[in-house]
Amino acid sequence: MPTPLIPATRSRLLAEQALSRAAGAPLLSGNAVDLLIDAAAHYEAWLAAICGARQRVLLENYIIRDDAVGRAFRDALVERARAGVFVAVVADWLGCLGQSRGAFWAPLRAAGGEVRVFNPPQLGEPLGWISRDHRKLLVVDGVLGFLSGVCISAKWLGDPARGVPPWRDTGVALRGPAVAELEAAFAQSWGETGAALRQLPAATEPSAPAGDVALRLIATQPATAGMYRLDQLVAAMARKTLWLTDAYFVGLAPYVQALVAAARDGVDVRLLVPGSSDIPVVAGMSRSGYRPLLKAGIRVFEWNGSMLHAKTAVADGQWARVGSSNLNIASWLGNRELDVAVEDAGFAGQLAVQYEQDLGNATEIVLASRRRRHGNGSREKVCSSETRPPRVRHGGGSSGRAAAGALRIANSVGAALANRRVLDDTGSGSLVIGTIVLIVLAVVAFAWPAWIGWPFGALAAWFALNLGIRSWRARKRRWRELRDADDE
């Protein structure tokens, strides 16, 4: 019998209230949830749902690529649009950059479908490109919904001809009250790209609840930090187990401290991350933070396949999370994300079983002692617990090592300047390197000030141009409001 995340007493009601407030999402009962593992199962279910649509199809995804998979989805959407079904698509500009172009969507627009691109670069928004739409959402007829970490690209299926296995990813299919929340989340994103979503006909109400699963649908928006607060709270509330899977783990110090505190309190905390990443820079940053986790007793595993892209958590066999949010600052504070937090022992049990299966294709990372070259004593190093199979390379491994080194140096220098304790063990070598880098910059600034001044001047001019445009637009909008008021 799994230990509940919280006792079934009055404190449970308080905990439910805390979870609702932290996530900014109420607990919804009466849902059915099906677990989807890897892209092939996702694409089959998604395409079947689209082909069966009778009223509307709402699709939102970070990457929609012009390849065999992307064209299969576009053609299915075109067929439904020609049949009179309302089709609306939101794709992220940065995610689709180099993946698909406007011409890719021409057949769907010609068939009557509507396609919008989220947050393309524009003057007046010098840093607007930072915030991305990282959601992966599909809703059909207001009765069937999907959310996931899977994008629409053949890359997720691997390359059997080259011996590259499929990417490991996780998502869910939903029926019940949560589907209306999914449509509301899509409407938010649609409204951010232009006019509000048209009034949709009410979905047919089922005669009985779709299921007996209670969950929260967390539609994160930039700077709201709902998922971050929830992740922190669950780390504090877990009593027996907290098993995490993440594609791009770069833990903030407060979250790392929450995991460390849980592990030191006896919670079995595990973290499964990619062994070979499609973004080596992030992988390097992730590895630079292993030491404090391992020293606290947290078990860290690296996936041995081509790419682990899932974002999941399961606590105490009672609570589970699946979605698009990674455990890093971009997902927690910068992007539009979509996750479901399920409070159901049956679903959590399924995810826990899958987690243990995944560990069968992973290598555990451990701390091992090594002798110092000079002097006495020894120092612990991070290494694999066993000989691991060759990694599937995505290229750019040196950039990952450089990023990891830069992160360690920045952490050490920042800690020294602020006179605070560093969370992980960093030697004096990082401080020496940081000192040398700052001396070099100081020499360049004094001897060749133009090398510093010109880039700074260009940056200042860029921001001045964009701020001026925003100021002009704001004044123009204000004048229009005053004119309209006078006319009334």
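**Exercise 1. Two residues with positive phi**

Task: In this predicted model, determine in which loop N119 is found, and whether N119 is buried or exposed.

Solution: The location comes first, and N119 is found in the loop between β4 (114-118) and β5 (136-140). The backbone is the next step: phi of N119 is near 55°, which is a positive value in a residue other than glycine. For the last step the cut-off is needed, and since buried means under 20% relative accessible area, N119, with a relative accessible area of 18%, is buried.

Task: Carry out the analysis for D316, asking in which loop D316 is found and what sign its phi has.

Solution: D316 is found in the loop between β12 and β13 (319-323). Although D316 is not a glycine, its phi is positive, at about 55°. The accessibility completes the description, because at 3% relative accessibility D316 counts as buried.

**Exercise 2. The surroundings of R216**

Task: Establish where R216 is placed, and which side chain is joined to that of R216 by a polar contact.

Solution: Begin with the secondary structure, in which R216 has its place in strand β8 (residues 213-220). Next take the accessibility: R216 counts as buried because its relative accessibility is 1%. The side chain of R216 is joined to the side chain of S20 by a polar contact of 2.4 Å. Finally, the wider surroundings can be listed: with its neighbours within four places in sequence left aside, R216 is in contact with E16, L19, S20, A25, P26 and L27, and also with D339, V340, A341 and E343.

**Exercise 3. The polar partners of H309**

Task: Find which side chain makes a polar contact with the side chain of H309, and which backbone oxygen lies 3.0 Å from a polar atom of that side chain.

Solution: H309 has its place in the loop between β11 (299-303) and β12 (312-315), and it counts as buried because its relative accessibility is 4%. The side-chain partner is D169, whose side chain makes a polar contact of 2.8 Å with the side chain of H309. The backbone oxygen belongs to G149 and lies 3.0 Å from a polar atom of the H309 side chain. Leaving aside neighbours within four places in sequence, H309 is in contact with K136, G149, W156, W167, R168, D169, A247 and Y248.

**Exercise 4. Two helix pairs**

Task: Describe how the axes of helix α2 and helix α3 are arranged, and which residues make the contact.

Solution: Two packed helices are described by the angle between their axes and the distance between the axes. The axes of α2 (residues 38-51) and α3 (residues 68-82) come within 9 Å and cross at roughly 15°. Angles under 35 degrees count as roughly parallel, and α2 and α3 are therefore roughly parallel to each other. The crossing in which α2 passes α3 is left-handed. On the α2 side the contact is made by Y43, W46, L47, I50 and C51, and on the α3 side by V69, A72, F73, A76, L77 and R80. Sorted by class, this contact has ten nonpolar residues, no polar residues and one charged residue.

Task: Describe the arrangement of helix α7 and helix α8, and state how the residues of their contact divide by class.

Solution: The axes of α7 (residues 226-237) and α8 (residues 253-264) come within 9 Å and cross at roughly 20°, which makes α7 roughly parallel to α8. The handedness follows as a separate step, and α7 passes α8 in a left-handed crossing. In the contact, Y228, D231, Q232 and A235 of α7 meet P254, Y255, A258, L259 and A262 of α8. These residues divide into seven nonpolar, one polar and one charged.

**Exercise 5. Sequence separation and distance**

Task: State how far apart K295 and R264 are in sequence and in space, and how far the C-alpha atoms of T204 and G142 are separated.

Solution: K295 is found in helix α10 (residues 290-295) and is partly exposed, with a relative accessible area of 45%. K295 and R264 are 31 residues apart in sequence and 9.9 Å apart in space, taken from C-alpha to C-alpha. T204 has its place in the loop between α6 (178-192) and β8, and it counts as exposed because its relative accessibility is 65%. The C-alpha atoms of T204 and G142 are separated by 8.1 Å, while the two residues are 62 residues apart along the chain.

Definitions and conventions. Residues numbered from 1 in each chain as written. Predicted model: local features only at pLDDT ≥ 70, side-chain atom pairs only at ≥ 80, totals over all residues. Heavy atoms only, no water. Helix = DSSP H or I, 4+ residues; strand = E, 2+ residues; numbered from the N terminus. Buried < 20%, exposed > 50% of the residue type's maximum accessible area, 1.4 Å probe, protein only. Polar contact = N/O pair within 3.5 Å; in protein donor to acceptor, adjacent residues only side chain to side chain. Contact = heavy atoms within 4.5 Å. Axes fitted to C-alpha atoms, helices over the stretch in contact; angles between N-to-C directions. Parallel < 35°, antiparallel > 145°, perpendicular 65-115°, else oblique. Left-handed = near helix turned anticlockwise from the far one by under 90°. Nonpolar A, V, L, I, M, F, W, Y, C, P; charged D, E, K, R; others polar.
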